[in-house]
Amino acid sequence: MASPTHSARQRLIQAALELFTAQGVSGTTTRQIAEKAEVNEVTLFRHFGNKHGLLLAVLEESAVFKNLGESLVRRASPPGSVYQALKDYASENLLALERVPELVRSVVGEADQYPAENRRALGKGLTEANRYVAQYLATVIEQGHLNTYLPAEKLASMLNGMLLGYAVIEFTSEFHELWDDRDDFLETLVELFLRGAMSPSPDLAINNPTEISVTIEVADLPASLVHEIFRQARKAGIQDYALAYVLFGAGLSAKEIVNLQRSHQIYDDQGHFLQITTPGLVRQVPVNQWIMGKHYGSYTNNPLIKWLKSRKDSQTAMFLNNLGEPISDAEIHNSWQTWIQGMLTPQGHPPAIAQAQHTWRVEMLMRGMTLENLSILTGCDRTQLQPYARRSREKAALEQATRLDHKPI
């Protein structure tokens, strides 16, 4: 029985997406789509004209593709790390395409069979999507103080073209040796853009000739602001408090937190660790009991352990949403927005969730961790971590100057 809360148009789009994804566009009939949506074919033709008109609606309106563009708008202010911003976008784009491989194969392989008006509409839709990316890249370029040899629109076209090309090759061929794996492709793509199509501004290059990095600006947070975020997270609930603890105590990104399982934590009297699994790399990260000079429990009794011990469900995910399902990246960002309401950084901006990771990395270096060991914990290379090293030296110099000011001559 069709759900009364969804219109016939919505049901047709969802049914088409599922069938196109499972068996391709050419392998799907309008009758199959209508039956799955529990409407008659006349309704389909009235809304979309034909199957290819429905395909266009799927590409324009389905959540699989629409959410990607909306996530760009949320992510663009501020990106914090240019490297991470570009890699996150490219990764999300590929994830969206990887959810619908048969649809991608059909759109690419059967495009010459579409009516001319549908091909024009599809081209217009791709151009519109490109504007989102161009706007996003323009923001990244401006906030990262980068120079580019091409306008943002052309950079967006190149980036999206390469991502689509990767998807087409992966979905239509095997045993190629073009790249080792997905992460290898992403790393190469981002490096190409940052070192080829983009470059630091002349002022940055002159002032820091040996420390130019793909991560241009480190924006760590002051201790007072970190502790206030913790206070607000604690007021929001036991899971929110645990989330804040992992963000600032382990330096994980929202994406890494989403993939955490309950079995991924190890703790005893000597330490508390989380296991992080990414393509081609498994690493352990300590969860610190001291954060920005304040004690947040012990290795065996802290906000994360309390949250997990309070659970009565059978879900394997470490964090859950209100429906008891594994939490999403967007839901973690929503929680962060709740905690930081009314707060501003010293630069006059609302704190960004990426700044929690910046803060942890700088704090680790301030405590005496070597760049090599931080590279092992984060999975980043030394070049990517150089800006954090510079920021930690700046903070150390400021602290020393402050201490000297308190000593009589």
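D313 has a relative accessible area of 30%, so it counts as partly exposed. This is a predicted model, and D313 makes a handy way into it, through its salt bridge.

**Salt bridges across the chain**

The partner of D313 is R262: their side chains meet in a salt bridge, with N to O at 3.3 Å. R262 sits in the loop between α14 and β3, while D313 sits in the loop between α15 and α16 (329–339), so the pair ties together parts that are 51 residues apart in sequence. R262 comes out at 25% relative accessibility, so it too is partly exposed.

That bridge is one of 12 salt bridges in the structure. Another one joins the side chains of R283 and E256, at 2.7 Å from N to O. Here again distant parts of the chain are linked: R283 belongs to strand β5 (residues 281–286) and E256 to helix α14 (residues 254–258), with their positions 27 residues apart. Are R283 and E256 buried or exposed? Both R283 and E256 are buried.

A third example stays inside one helix. E394 and R391 pair through their side chains at 3.5 Å, N to O. Both lie in helix α19 (residues 382–405), three residues apart, which is about one turn of the helix. E394 has a relative accessible area of 34%, so it is partly exposed, and R391 is partly exposed as well, at 23%. The story goes on from there, as salt bridges with shared partners join D220, R390, R391, E394 and K395 into one network.

Here are the three pairs side by side.

| Salt bridge | N to O distance |
|---|---|
| R283 and E256 | 2.7 Å |
| R262 and D313 | 3.3 Å |
| E394 and R391 | 3.5 Å |

**Q355 and its neighbours**

D220, a member of that network, also turns up among the contacts of Q355. Leaving aside residues up to four places away in sequence, Q355 touches A219, D220, L221, T345 and P350. Q355 itself is found in helix α17 (residues 354–366). Its relative accessibility is 7%, so Q355 counts as buried.

**Helices α13 and α15**

Now for a helix that hides well. In α13, 12 of the 13 residues are buried, so this helix is largely enclosed by the rest of the structure. Among the buried ones are Q239, D240 and Y241, along with F248, G249 and A250. From its first C-alpha to its last, α13 reaches 18 Å, close to the 18 Å expected at 1.5 Å a residue. Just after α13 comes G251, with a positive phi near 70°.

α13 (238–250) also helps to cover α15: what lies over the buried residues of α15 includes α13, β3 (265–268) and β4 (271–278). Which residues of α15 are buried? In this helix, residues 303–310, they are P303, L304, I305, W307 and L308. The N-terminal end of α15 is capped by N302, which places a side-chain oxygen 3.1 Å from the backbone nitrogen of L304.

**The whole chain**

Stepping back, the protein chain has 19 helices and seven strands. Of its 409 residues, 45% are buried. Among contacts with a separation of 6 or more, 67% come from residues 24 or more positions apart. The chain exposes about 21,100 Å², and carbon and sulfur atoms supply 53% of that area.

How values were computed:
Residues are numbered from 1 along each chain as its sequence is written. This is a predicted model: local features need pLDDT of at least 70, side-chain atom pairs count only at pLDDT 80 or more; totals for chains, interfaces and linings use all residues. Side-chain values use heavy atoms; hydrogens and water are left out. Buried means under 20% relative accessible area, exposed over 50%, partly exposed in between (1.4 Å probe, protein chains only). Helices (H or I, at least four residues) and strands (E, at least two) are DSSP runs, numbered from the N terminus. Contact means heavy atoms within 4.5 Å. A polar contact is a pair of N or O atoms within 3.5 Å; within protein, one must be able to donate a hydrogen and the other to accept it, and residues adjacent in sequence count only if both atoms are side-chain atoms. The expected span of a helix is 1.5 Å times one less than its number of residues. A salt bridge is a side-chain nitrogen of Lys or Arg within 4 Å of a carboxyl oxygen of Asp or Glu. Accessible areas come from the Shrake-Rupley method with a 1.4 Å probe; for residues, only the protein chains shown count as cover.
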